[in-house]
Amino acid sequence: MPILRSTPPAPLPSPAARRLIRLNNGFQLLFNLLWWMPVFYAYQRDAGLSDDQIFGIQSIYYIAFCLFEIPTGVVADRIGARNCLSAGAVVMTAANLAPVLSPSYPGFLVHFLAIAAGRSLTSGAASAYLYDGLRAEGAQAHYLRAEGTARALGLAAKVVCWPLVGPLMMLAPQTPYVLSAASAAGSLGCALALPRLAAPGAGRSARLPGRVATGASCATRGRPCAPCGRHRGWPCSWCRAWPCSRCPGSARSTCSSRCSWNTASGRARTAGCSRR
């Protein structure tokens, strides 16, 4: 009978990774907390729109959302996932205010077109940023759990908040849209609080021998190298060359000839490193 071997649990994420997960949870919850969702049909009917106009806007929305996915993906590659999340939150905030300022067919059409643009800006960028951010902290094993937790919290928030929409509309009919705009503004705050990640091209230039990695992200960033005790980036910021093969997180098995810690046995040799 085969013996089942359990997978060892992933190490606990670092404080920076936990902060990133919390900010992602807040962004996902607030960005997708559309208070008007349960009542938008009744609200548009009260504003004088016909069924043909209401469902016509819905058709345009879904077509626009599909079409926006292509250019917004290019935009995310150009400006970065974090900036894309911020841009999406700004668009979503403005979109939720459109029906308040113009409760008419053009206003609702602009509202849903802007909603499609805002959601397209964040649909893939949020997941990409979460994975890249956790990987930079050496906590990519927690990605699936973090993604699922964010979605679960968003659904729980809707279950709690949406039943309150009816009583709130009795106070002011525009309340669901105002609250949605406030939630989107809160997601913008979460996006701006997210740490900046190293650009994809920064890692390649930083790995050239003789250059110090000022912005590279690796598993050992901010922690000393196990053999030499001086590694603060990639390459080694002390000897200005590749970290030795025993450095955790290094993708190279050999170092530059300038690195004083490049030995097959792991012993330090003093020749070659001018800054030791």
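**View 1. What packs over helix H5 in this predicted model.** The cover over the buried residues of H5 includes H1, H2, H3, H4, H6 and H9. The model shown here is predicted. So who is hiding underneath? Look for Gly107, Phe108, His111, Phe112, Ala114, Ile115, Ala116, Gly118, Ser120, Leu121 and Thr122, the buried residues of H5. End to end, H5 has 19 residues and reaches 27 Å from its first C-alpha to its last, close to the 27 Å expected at 1.5 Å a residue.

**View 2. The largest nonpolar core.** Which of the 41 residues in this core touch the most other members? They are Phe27, Trp36, Leu85 and Leu134. Plenty of helices chip in: H1 (15-31), H2 (40-46), H3 (51-79), H4 (81-101), H5 (105-123), H6 (125-136), H7 (143-161) and H9 (175-193) each supply at least two residues of this core. There is also a second, separate core of 6 residues, with Leu33, Trp35, Val39 and Val165 among them.

**View 3. Zooming in on Leu85.** Leaving out residues up to four places away in sequence, Leu85 touches Phe27, Thr122, Ala125, Ala126, Tyr129, Ala191 and Leu194.

**View 4. Where H4 meets H6.** Two packed helices are described by the angle between their axes and the distance between the axes. For H4 and H6, the axes come within 9 Å and cross at roughly 140°, and the crossing is left-handed. On the H4 side you'll find Ala81, Arg82, Cys84 and Leu85, which meet Ala125, Ala126 and Tyr129 in H6. Sort the residues of this contact and you get 6 nonpolar, no polar and 1 charged.

Terms used
Residues numbered from 1 in each chain as written. Predicted model: local features only at pLDDT ≥ 70, side-chain atom pairs only at ≥ 80, totals over all residues. Heavy atoms only, no water. Core = buried A, V, L, I, M, F, W, Y, C linked by side-chain atoms within 4.5 Å. Buried < 20%, exposed > 50% of the residue type's maximum accessible area, 1.4 Å probe, protein only. Helix = DSSP H or I, 4+ residues; strand = E, 2+ residues; numbered from the N terminus. Contact = heavy atoms within 4.5 Å. Expected span 1.5 Å × (residues − 1). Axes fitted to C-alpha atoms, helices over the stretch in contact; angles between N-to-C directions. Left-handed = near helix turned anticlockwise from the far one by under 90°. Nonpolar A, V, L, I, M, F, W, Y, C, P; charged D, E, K, R; others polar.
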